[in-house]
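Dear colleague,

Please find below the structure that I am handing over to you, with the sequence alongside. My findings follow directly after it.

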Amino acid sequence: MQGVTKRFQVDEIYIDVLRGIDLKIEGGDFTAVMGASGSGKSTLMNILGCLDTPTSGKYFLAGRDVSALNDDELSLIRNELIGFVFQQFYLLHYATVIENVLLPTIYRHGKNSREKTNLQEIALELLKTVGLHERAKFRPRQLSGGQQQRVAIARALINDPELIICDEPTGQLDSNTSKGIMAILKELNERGKTIVVVTHDSQVAAHAKKILYISDGMIVDK
Ligand SMILES: Nc1ncnc2c1ncn2[C@@H]1O[C@H](COP(=O)(O)OP(=O)(O)O)[C@@H](O)[C@H]1O
Ligand SMILES: [Mg+2]
């Protein structure tokens, strides 16, 4: 990112939420982003994750300028390159665990039945990675918060993204469960995934290789 800004307008008032972010994340990095509530962390993650675009400045993802793409172009890039994990899990409650994990493949692969068998196997393998393969047919409400977040991690991995963006992934979890989630992210990073985690918990941030501090829409030394 080079000089990335984000300005929101609410009625006649402009809010400059990001005020010139210069940032370089390399493939294979494991970066934590810390900062007070309202400092712009989620706004930054939304741009990093191609859910939103900067007001000004440049963002290059995998060598491509993605600062000014339209929604369709951004959604293609998201589906191909990025996995998301949020504080609120955002699982579908009427769907089973494995159906939740497979959800992002609907947009990517269509409904080819032969591929589907393969995808089922991949989804089960991912559920094994997060320790939940025996819960494949459960519904989210039958799982604990930590287990639901592990389902969300498996879902984030189903399209084999290079970059995994986690916005307060442990914000709803107790400290022991949080450690388990961070251990999974660490293992994924060791397998080559690039990971960015927003947190305001320094114990959670300590799992990352690098910590960035954001204050009032700017990256600061600490
Ligand atoms: N869509 C929006 N419209 C207006 N203001 C917003 C919008 N999104 C975020 N903000 C404002 O930007 C500031 C930073 O928000 P956010 O990035 O969510 O911070 P953090 O994740 O660090 O708590 C807050 O003051 C918030 O109210
Ligand atoms: Mg936030």
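By class, the shell around ligand 1 is made up of 4 nonpolar, 7 polar and 1 charged residues. Please note that the model is a predicted one. The residues that surround ligand 1 are Phe8, Val10, Ile15, Val17, Gly35, Ser37, Gly38, Ser39, Gly40, Lys41, Ser42 and Thr43. Two or more residues of this shell are given by each of E1, E2 and helix H1 (41–48). The largest share, 3 residues, comes from H1.

The strands at the ligand

Strand E1 (residues 2–10) pairs with strand E2 (residues 13–21) in the antiparallel sense, over 7 bridges. Val10, which belongs to the ligand shell, has Ile13 as its bridge partner in E2. Elsewhere along this pair, Val4 stands opposite Ile21 of E2. The hairpin of E1 and E2 has 2 residues between the strands, and Asp11 there takes a positive phi near 55 degrees.

E1 also pairs with E4: the two run antiparallel and are joined by 2 bridges. On this side, Gln2 stands opposite Lys58 in E4, and Thr5 stands opposite Ser56 in E4.

Together, 3 strands form an open sheet with antiparallel pairing, in the order E2-E1-E4. Because E2 and strand E4 (56–58) stand at the edges with a single partner strand each, one side of each is left without a neighbour in the sheet. Neighbouring strands of this sheet are turned against each other by 25 degrees on average, direction ignored. H1 packs on the sheet and touches E1 and E2, and its direction makes about 65 degrees with that of E2. Thus E1, E2 and H1, which each give two or more residues to the ligand shell, are also in contact through the packing of H1 on E1 and E2.

The mixed sheet

A further open sheet has 6 strands in the order E7-E8-E9-E3-E10-E11, and its pairing is mixed. Its edge strands are strand E7 (82–86) and strand E11 (218–220), each of which pairs on one side only. From one strand to the next, the twist averages 25 degrees.

Within this sheet, strand E3 (residues 30–34) and strand E9 (residues 194–198) pair in the parallel sense over 4 bridges. One of the residues involved is Thr31, whose bridge partner in E9 is Val196.

Helix packing

Which strands does H5 lie across? H5 lies across E7 and strand E8 (163–167), and its direction runs at about 165 degrees to E7.

Two packed helices are described by the angle between their axes and the distance between the axes. Helix H5 (residues 145–157) packs with helix H6 (residues 175–190) at an angle of about 15 degrees, and the axes are 10 Å apart. Since angles under 35 degrees count as roughly parallel, H5 is roughly parallel to H6. The crossing in which H5 passes H6 is right-handed.

On the H5 side, the contact is made by Gly145, Gly146, Gln149, Arg150 and Ile153, and on the H6 side by Thr177, Gly180, Ile181 and Ile184. By class, this contact has 3 nonpolar, 5 polar and 1 charged residues.

With kind regards

Terms used
Residues are numbered from 1 along each chain as its sequence is written. Chains are lettered from A and ligands numbered from 1 in the order in which they are written. This is a predicted model: local features need pLDDT of at least 70, side-chain atom pairs count only at pLDDT 80 or more; totals for chains, interfaces and linings use all residues. Two strands pair if DSSP finds at least two bridges between them. A residue is near a molecule or strand if its C-beta atom, placed from the backbone, lies within 6 Å of it. Ala, Val, Leu, Ile, Met, Phe, Trp, Tyr, Cys and Pro count as nonpolar, Asp, Glu, Lys and Arg as charged, and the others, Gly among them, as polar. Axes are lines fitted to C-alpha atoms, for helices over the stretch in contact, and angles run from 0 to 180 degrees between N-to-C directions. Angles under 35 degrees count as roughly parallel, over 145 as roughly antiparallel, 65 to 115 as roughly perpendicular and the rest as oblique. A crossing is left-handed if the near helix is turned anticlockwise from the far one by less than a right angle, and right-handed if clockwise. Two residues are in contact if their C-beta atoms, placed from the backbone, lie within 7 Å.
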